[in-house]
Amino acid sequence: SFSQHLSSPTVRVESLVTESCGSSSMASVCGGLLAMYDAGIPIKRPVAGIAMGLLLPENLKRDTDDKEAVMAQMEDEAVILTDILGLEDALGTMDFKVCGDAKGISAFQLDIKCEGLSVNLLKAALTQAKEGRVHMLYHMLKAQPKPADDLAPSVPKMVTLPVPNSAIGKIIGPGGATIRSLIEEFSLLNIDIEETGPEGLVTISGTKREKMDQAEEKIRFLVQEANNFVPGSGPKGKKIPDPEEGKIYEDCQVVGVHPFGCFVQLYEGMEGLVHVSELDTKRIDKVDAMFKVGDKMDVKVIALKDARGKLRLSRKAAMTEKFGLD
């Protein structure tokens, strides 16, 4: 959705009108709404705009001090026009632009050439404008019932995800090398990291949804990797004992499922990655088709620290040792 991919969005709509015999601004309201729908930008409530006009009777007595009589005659004989043309705007008395939907008004503008309008005339004009808006919305939504399912390819998108402050250094990398490589690898516009308190906030911006999803997946992996095998990361700051190399830990709960493998909890405060190549004795094409969060599996600690200094776990090795599988 739009809110998931744009943080505090500002949308600018430009309307180029080359020729007009009516209200170009109200046409821009209607066209702008349809353009945003077509671009995949959801609107809480779609709106339409329409311009109302007013024709006064030729015999209106303007030179009298009896204003109530003048207003009464205006209410009885004046003609309220819906969706006025250029000539009706020029020769008429009122240009009343009203935007909104069936439930209310979002904006309006009123220009008049007479000394004033009565409350009853304004009420009548607003009632008539509502009928016009509803009519316009009916035909607009018949052509474009809802926003497109995804933002247009040319629209910059943003997604935010919270990360622990302890993982921010891992995401940035030495001298910003990791964050720069992420931007380049996934063709992103930018990755912005902000420390907002106990947690940081990572904002990924780009134009390609698939690449942004891949970048988000990689950042989540970096976060899990940063928190993997960290002394003192247990409850209430207690130091967590290291797992035993070569030991099989049974019924470890799966806490994360990714294309590259599963994160499992060996015991409270100790999690590790079982790489996709170590999940089974046979090849696994889709990890999420075989495992889900909450599943249990037996894993063997292959190494406390591999070449990258990370804990290595294997379900395949546990299966081979327990059941003699090859």
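Modeller: A residue is called buried under 20% relative accessible area, exposed over 50% and partly exposed in between (1.4 Å probe, protein chains only). The model is predicted, so local features need pLDDT of at least 70 and side-chain atom pairs count only at pLDDT 80 or more, while totals for chains, interfaces and linings use all residues. Residues are numbered from 1 along each chain as its sequence is written, and side-chain values use heavy atoms, with hydrogens and water left out.

Biologist: At what relative accessibility does Tyr-249 count as buried?

Modeller: Tyr-249 lies in strand S8 (residues 248-258), strands (E, at least two residues) and helices (H or I, at least four) being DSSP runs numbered from the N terminus. The residue counts as buried, because its relative accessibility is 9%.

Biologist: How are the planes of the rings of Tyr-249 and Tyr-267 set to each other?

Modeller: Rings of Phe, Tyr and Trp (its six-membered ring) pair if their centres lie within 6.5 Å, and planes under 30 degrees apart are stacked, over 60 edge-to-face and the rest tilted. Tyr-249 belongs to S8 and Tyr-267 to strand S9, so their pair ties together parts 18 residues apart in sequence. The ring centres are 6.0 Å apart and the pair is tilted, because the planes stand at 45°.

Biologist: How many residues apart are Phe-221 and Phe-263?

Modeller: This is one of three aromatic pairs counted by that rule. Its centres are 6.4 Å apart with planes at 45°, so this pair is tilted too, and both partners are buried, Phe-221 at 11% and Phe-263 at 2% relative accessibility. The pair links distant parts of the chain, since Phe-221 sits in helix H8 (residues 209-227) and Phe-263 in strand S9 (residues 261-267), with a separation of 42 residues.

Biologist: Which strands stand at the edges of the open sheet of three strands?

Modeller: Two strands pair if DSSP finds at least two bridges between them. The order is S5-S7-S6 with antiparallel pairing, where S5 and strand S7 (residues 199-206) share eight bridges, and S6 and S7 share six. Each edge strand has a single partner, so one side of it is left without a neighbour in the sheet, and these strands are S5 (157-164) and S6 (190-195).

Biologist: Which residue of S7 is the bridge partner of Asp-192?

Modeller: On the S5 side, Pro-162 is bridged to Leu-201 of S7. S6 and S7 form a hairpin with three residues between the strands, in which Gly-197 takes a positive phi near 135°. For Asp-192, the partner in S7 is Thr-203.

Biologist: Which element supplies the largest share of the largest nonpolar core?

Modeller: Such a core is a set of buried Ala, Val, Leu, Ile, Met, Phe, Trp, Tyr and Cys residues joined through side-chain atoms within 4.5 Å. The largest one has 19 residues, and those with the most contacts inside it include Val-202, Ile-204 and Ile-219. At least two residues each come from S5, helix H6 (168-172), helix H7 (177-185), S7 and H8. The largest share, six residues, is that of H8.

Biologist: What is the relative accessible area of Ser-205?

Modeller: Ser-205 has its place in strand S7. Beyond residues up to four places away in sequence, its contacts (heavy atoms within 4.5 Å) include Lys-157, Leu-188 and Met-212. The residue is buried, because its relative accessible area is 12%.

Biologist: Which exposed residues does helix H3 carry on the face turned away from its buried side?

Modeller: The buried residues of H3 (residues 67-77) are Val-70, Gln-73 and Met-74, and what covers them includes helix H5 (119-143). The face turned away from that side carries Glu-68 and Asp-76.
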